[in-house]
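Me: Please take a close look at one part of this model, the long third helix and what packs against it, and describe the packing with its distances and angles.

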Amino acid sequence: EQIEPLIEGHREAYEAKKAAETAAKAARREQILVEKEKIVAEAESLALSESWKVTGDRLKVLLDEWKSAPRLDKKADADLWKRFSSSRNKFDKRRRTHFSQLEAVSEKVSSAKEAIVAEAEKLATSTDWVATARRFKALMDQWKAAGRGKRNDDAKLWARFKAAQDQFFTAKNADLEKREVSMV
């Protein structure tokens, strides 16, 4: 008879402890869910960003946060991961497309400028001063209209164009001086 209340007291303490543990576990799960949902929401908000470097770096940090976050149940984790991964993939695909298009434009610009330089180099030794000077002006206009290519390529092509142009105009000016001297 005396043992009965003692056992009942232990049972109540055990049930209370178990209920507290279940509540704590549920609260912890909810906290993890909120943290992961926040990571996913930020990734989704970045999917359409065009700040390629900053966003790429931020997505790496979010991935690290995801990896270090505690796990939820398999289904909840899988559903959240699917959203997170989808956002990263959408951003990566857009970034690859963007840089691929830039590369295509850059190649087109380099090709156009290569043709301009080739013509300028052919004209560098011309003695048809008036027509060639006009053609160099037209080539300069074409150069400006061609747009910007890769900085390094543009710099090399510009140096070649400028050298050809300088060679022509130096010879033209020398010839002009020679004529002026002979007229005096």
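The reply below follows helix H3 through its helix partners and then turns to the aromatic rings beside them.

Reply: The model is predicted, so every value here is computed from predicted coordinates. Helix H3 spans residues 74-123, and the account below takes its partners one by one, beginning with helix H2. Two packed helices are described by the angle between their axes and the distance between the axes.

Helix H2 covers residues 52-68, and its axis comes within 11 Å of the axis of H3, with a crossing angle of roughly 160°. Because an angle over 145 degrees counts as roughly antiparallel, H2 and H3 are roughly antiparallel to each other, and H2 passes H3 in a left-handed crossing. On the H2 side the contact is made by Trp52, Thr55, Gly56, Leu59, Leu62, Leu63 and Trp66, while H3 contributes Asp77, Leu80, Trp81, Phe84, Arg88, Phe91, Arg94, Arg95, His98 and Phe99. Trp66, one of the H2 residues in this contact, also has Lys36 lying over its face, at 4.4 Å from the ring centre.

Two further residues of H3 can be looked at individually. Lys74 is found in helix H3 and counts as exposed, because its relative accessibility is 76%. Ser87, which also has its place in helix H3, is buried, with a relative accessible area of 6%. Once its neighbours within four places in sequence are left aside, Ser87 is in contact with Ala43, Glu44 and Ala47. Both residues also serve as reference points for distances towards H4: Lys74 and Thr132 are 58 residues apart in sequence and 75 Å apart in space, C-alpha to C-alpha, and Ser87 and Ala131 are 44 residues apart in sequence and 58 Å apart in space, again C-alpha to C-alpha.

The next partner is helix H4, residues 129-146. The axes of H3 and H4 come within 10 Å and cross at roughly 165°, and that angle makes H3 roughly antiparallel to H4; H3 passes H4 in a left-handed crossing. Here H3 brings Val109, Ala112, Lys113, Ile116, Val117, Glu119, Ala120 and Leu123, and these meet Thr132, Arg135, Phe136, Leu139, Gln142, Trp143 and Ala146 in H4.

Helix H5 covers residues 151-183. The axes of H3 and H5 come within 8 Å and cross at roughly 20°, which makes H3 roughly parallel to H5, and H3 passes H5 in a left-handed crossing. From H3, the residues involved are Val109, Ser110, Lys113, Glu114, Ile116, Val117, Ala120, Glu121 and Leu123, and they meet Asp153, Asp154, Leu157, Arg160, Phe161, Ala164 and Phe168 in H5. Among these, Asp154 counts as buried because its relative accessibility is 13%. Leaving aside its neighbours within four places in sequence, Asp154 is in contact with Val109, Lys113, Trp143, Gly147, Arg148 and Gly149.

The aromatic rings add another level of description. A pair of aromatic rings is described by the distance of the centres and the angle of the planes. The structure holds 13 aromatic pairs, and in one of them the rings of Trp129 and Phe168 have their centres 5.5 Å apart and their planes at 50°, so the pair is tilted. This pair links distant parts of the chain, with Trp129 in helix H4 and Phe168 in helix H5, 39 residues apart, and both Trp129 and Phe168 are buried. Phe168 forms a further aromatic pair with Phe169, an edge-to-face one at 4.9 Å centre to centre with 80° between the planes. For Phe168 the relative accessible area is 0%, so this residue is buried, whereas Phe169 is partly exposed, with a relative accessible area of 26%.

Ring pairs link Trp129, Phe136, Trp143, Trp158, Phe161, Phe168 and Phe169 into a cluster. Members of this cluster return in the contacts of H3: Phe136 and Trp143 are among the H4 residues that H3 meets, and Phe161 and Phe168 are among the H5 residues that H3 meets.

Methods:
Residues are numbered from 1 along each chain as its sequence is written. This is a predicted model: local features need pLDDT of at least 70, side-chain atom pairs count only at pLDDT 80 or more; totals for chains, interfaces and linings use all residues. Side-chain values use heavy atoms; hydrogens and water are left out. Helices (H or I, at least four residues) and strands (E, at least two) are DSSP runs, numbered from the N terminus. Buried means under 20% relative accessible area, exposed over 50%, partly exposed in between (1.4 Å probe, protein chains only). Contact means heavy atoms within 4.5 Å. Rings of Phe, Tyr and Trp (its six-membered ring) pair if their centres lie within 6.5 Å; planes under 30 degrees apart count as stacked, over 60 as edge-to-face and the rest as tilted. A charge sits over a ring if NZ of Lys or CZ of Arg is within 6 Å of the ring centre and within 35 degrees of the ring normal. Axes are lines fitted to C-alpha atoms, for helices over the stretch in contact, and angles run from 0 to 180 degrees between N-to-C directions. Angles under 35 degrees count as roughly parallel, over 145 as roughly antiparallel, 65 to 115 as roughly perpendicular and the rest as oblique. A crossing is left-handed if the near helix is turned anticlockwise from the far one by less than a right angle, and right-handed if clockwise.
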